[in-house]
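Me: Could you take a close look at one part of this protein for me, the place where two neighbouring helices meet? I would like a connected walk through it rather than a list.

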Amino acid sequence: MGKDEVLAEIDRRIKRLEAEISMAEERMRYLEEIGAPTKYRALRRKDYTAYYLILMGVWIVIGMLALRFMKNRLPYYFNLPLTPYFIIALVLLVAPAAYLLWSRRESPPTPMEDFEERERLARTVLNLFYRPLREAVEGDDREKMRAVADELLGNPVLANAVERMAEGDPKLNAYALYLYASYTPELEDEVRETVEKLTNKPLKVLLSELVGEG
């Protein structure tokens, strides 16, 4: 086991992600050619009724405030109960707003959105994790490994992409890189325990190199 085996594992992941990106791009091109995005937009055309109801509620509130303002300034007294209008306005504001939030949460992504998201995730993992990691391993650059670990912990976009692309636990991956970059013989037991927990194959091979496992 050595650097070549670690690089080979990283290259396998890079090729897999590149294939994922290419496949997503091909599917999106095909959907564009058959006009699928336009069809999906038509199917998911917004119903503006909820917006009209919210606008109506806002106008009622404005009208109530205007009446309250005028009530004390008119030369004659009138007594118009405002509570029923307040209840109507509240219903017109709350019910449509709740419906819009619920429909947005429940609306499933279209196939085009699925492919776009998959491509974005794969590209994020490729550019922010595996390519910098490969450079660090190839040059035995411990500081660069720490930088990759920092990115895993400090960049929520990358951490989310690593998890969703099944590239391991980002926190555990970062810890493995910190262990490798700061390894001393006193850390051998910690390294062995971390190797057992790792699901990311390139990092598993990288860390195993320190304790002669594999």
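Reply: Happy to! A residue counts as buried when its relative accessible area is under 20%. By that cut-off, 33% of the 214 residues in the protein are buried. Please keep in mind that this is a predicted model. Its secondary structure consists of ten helices and zero strands, and among the contacts with a separation of 6 or more, 73% join residues 24 or more positions apart.

Now to the part itself. Two packed helices are described by the angle between their axes and the distance between the axes. Here the pair is helix 6, residues 142-154, and helix 7, residues 156-164. Their axes lie 5 Å apart and meet at an angle of about 90°. Angles of 65 to 115 degrees count as roughly perpendicular, and helix 6 and helix 7 are therefore roughly perpendicular to each other.

Which residues meet? From helix 6 come Glu151, Leu152 and Gly154, and from helix 7 come Pro156, Leu158, Ala159 and Val162. By class, this contact has five nonpolar residues, one polar and one charged. Glu151 is the charged residue and Gly154 counts as the polar one.

Helix 7 deserves a look of its own. Its buried residues are Leu158, Ala159, Ala161 and Val162. These cover an arc of only 165° around the axis, so they sit on the same side of helix 7. Leu158, Ala159 and Val162 also appear in the contact with helix 6.

Both ends of helix 7 have a detail to inspect. At its start, a side-chain oxygen of Asn155 comes to within 3.0 Å of the backbone nitrogen of Val157. Just after helix 7, Ala166 adopts a positive phi of about 55°.

For another view of a buried residue, go along the chain to Val211, which is in helix 10, residues 201-211. Val211 has 11% relative accessibility and therefore counts as buried. Leaving aside residues up to four places away in sequence, Val211 touches Tyr183, Glu188, Val191 and Arg192. Of these, Val191 is 20 residues from Val211 along the chain, and their C-alpha atoms are separated by 7.5 Å.

If you have the model open, start with Leu158, Ala159 and Val162 of helix 7 and look across to Glu151, Leu152 and Gly154 of helix 6.

Definitions and conventions:
Residues numbered from 1 in each chain as written. Predicted model: local features only at pLDDT ≥ 70, side-chain atom pairs only at ≥ 80, totals over all residues. Heavy atoms only, no water. Axes fitted to C-alpha atoms, helices over the stretch in contact; angles between N-to-C directions. Helix = DSSP H or I, 4+ residues; strand = E, 2+ residues; numbered from the N terminus. Parallel < 35°, antiparallel > 145°, perpendicular 65-115°, else oblique. Contact = heavy atoms within 4.5 Å. Buried < 20%, exposed > 50% of the residue type's maximum accessible area, 1.4 Å probe, protein only. Arc of directions from axis to C-beta. Polar contact = N/O pair within 3.5 Å; in protein donor to acceptor, adjacent residues only side chain to side chain.
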